[in-house]
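Here is a set of short exercises to work through with the model open in your viewer. Try each task before reading its solution.

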Amino acid sequence: MRDFAAELEDRKQSGLYRTRRLISGPQQPELVSDGVPLLCFCSNDYLGLASHPDIIRAATDAMPYTGLGGAASHLICGHHQGHHQLEVRLAEFTRRSSALFFSTGYMANMGVISALAGRGDTIFSDRLNHASIIDGCILSRARVRRYPHGDMDTLADMLATTGGHKLVVTDGVFSMDGDIAPLKELAALCRAHDALLVVDDAHGVGVVGPQGRGTVAESGLSEEDVPVLIGTLGKAVGTSGAFVAGPALLMDYLVQKARTYIYTTAMPPALALATCTSLDLIERQDCRRSHLQSLIRDFRRQASLLGYELMPSRTPIQPIMIGDNWTALALSHALEQKGLMVTAIRPPTVPEGESRLRVTFSAAHSKADLETLLTALADCRHLLKGSSAEAV
Ligand SMILES: *Cc1c(COP(=O)(O)O)cnc(C)c1O
């Protein structure tokens, strides 16, 4: 039998061992982690909606009428009026013809990619795409060609030299880097080479674009340009689940073929109704996005002055590039000693030698919270080995 214990020990020796924190209380910047209060800068609750009273009330108000459990899959007797209402609302929110509500983003990517490409087809995937996209590609049994991150010239060459059915898949906002995919260029290439474009906007929905409609809306791309738009609901939207939006024909096809849609129990319908309330808030409250942008701007200016290496991101994902696993961990631990929670992200989540602190911002952070983070970062600069920070 395989030596699982030795593998775990190996992980520990390489600074790659992972542990879970035990959180009590609601998700908000002031978190209680293993009984200790910490100011959190690593959540994906970008708009501060995970504990919003209106959304909680929508769920509890709905429950006496919908019950709690999903009880069955959508194709048996689980497809509830609440789910239908959310799908109509999501189609409207994304300006698409129709939408399909999935249980998680992971399942949406697995189901959509494996339904829309198969043996004999080719999938082109950005090298930094999310794990669920990578797994969806594997599950599809299609040939997978990964292109260097954001490299449109290489992708163009690959597309030009490949025949048959082609699918191009990309994150909208890259989850560990925070940068945005060159969507206009991708759409033009897909049009020129008759490829189907799939965009996973898990970190763009709610945050980027007019009224938070995401990166695809920000780029002014239509349903024809991006026929398959995926988004998650557990991040900025503050609830749970995911959606796929696009032409009715494709959604119908997915209902027939996406196994992660077909063979799973429907989500609680009250949660779908609470998500409708969240979408109302997202559309109406530009103030959340403008506050978030102001936090991001201030952080970037001041963290750079402190000598930290930031990445080209204008989204709430603002990683501090470190490189070495142990330094990233040391910095994360030092910040925790100062009452801050910022996770170190290490391989295999990011490429070897690119360990980083993944700092994320939420509209629920105050300017004072940002100052607390910056003060702690100023105090921790000495942990950066051989960095310019020593000279500052
Ligand atoms: C988080 C994430 C997912 C997974 O979504 P869940 O609803 O959390 O399963 C998919 N794609 C990307 C890019 C993500 O960041």
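The exercises below go from domains to ligand, salt bridges and backbone.

This is a predicted model, in which local features need pLDDT of at least 70, side-chain atom pairs count only at pLDDT 80 or more, and totals for chains, interfaces and linings use all residues. Residues are numbered from 1 along each chain as its sequence is written, and side-chain values use heavy atoms, with hydrogens and water left out.

**Exercise 1. The two domains**

Find the bounds of domain 1 and domain 2, then describe the contact between them.

Step 1. Colour 19–47 and 286–391 as domain 1, and 54–284 as domain 2; these bounds come from an automatic or database domain assignment.

Step 2. Place the C-alpha centre of each domain: the centres of domain 1 and domain 2 are 28 Å apart.

Step 3. Pick out the residues in contact (heavy atoms within 4.5 Å). Domain 1 gives 21 residues and domain 2 gives 22.

Step 4. Now for the area. The size of an interface is often given as the accessible area lost when the parts come together. Here buried area is the accessible area (1.4 Å probe) that two parts lose on being put together, summed over both. Between domain 1 and domain 2 it is about 1,600 Å², with 57% from carbon and sulfur atoms. On the domain 1 side, L47, R289 and R314 supply 29% of the area buried against domain 2, more than any other three residues.

**Exercise 2. Polar links across the interface**

How many salt bridges and how many residue pairs in polar contact link domain 1 and domain 2?

Step 1. Apply the salt-bridge rule: a side-chain nitrogen of Lys or Arg within 4 Å of a carboxyl oxygen of Asp or Glu. It finds 2 across the interface of domain 1 and domain 2.

Step 2. Look at R314 again: its salt bridge with E218 has the closest N and O atoms 2.9 Å apart.

Step 3. Count polar contacts (N or O atom pairs within 3.5 Å; within protein, one atom must be able to donate a hydrogen and the other to accept it, and residues adjacent in sequence count only if both atoms are side-chain atoms). The result is 11 residue pairs between the domains, both residues at pLDDT 80 or more.

**Exercise 3. Around the ligand**

Which residues come nearest to the ligand?

Step 1. Select residues with a heavy atom within 4 Å of the ligand. Of the 14 residues around it, G105, Y106, D200, H203 and K235 come nearest.

Step 2. Check individual atoms. A polar backbone atom of G105 is 2.7 Å from a ligand oxygen, and a side-chain N or O atom of K235 is also 2.7 Å from an oxygen of the ligand. For D200, a polar side-chain atom lies 2.5 Å from a ligand nitrogen.

**Exercise 4. A link between distant parts of the sequence**

Why does the pair R89 and D280 tie together parts that are far along the chain, 191 residues apart in sequence?

Step 1. The side chains of R89 and D280 form a salt bridge with an N to O distance of 2.9 Å.

Step 2. R89 lies in helix 4 (residues 81–94) and D280 in helix 12 (residues 269–284), so the pair joins parts 191 residues apart in sequence. Helices here are DSSP runs (H or I, at least four residues) and strands are E runs of at least two, numbered from the N terminus.

**Exercise 5. Backbone details**

Where is the cis peptide bond, and which loop holds P348?

Step 1. The cis bond joins P347 and P348, with omega about 5°.

Step 2. P348 sits in the loop between strand 13 (344–345) and strand 14.
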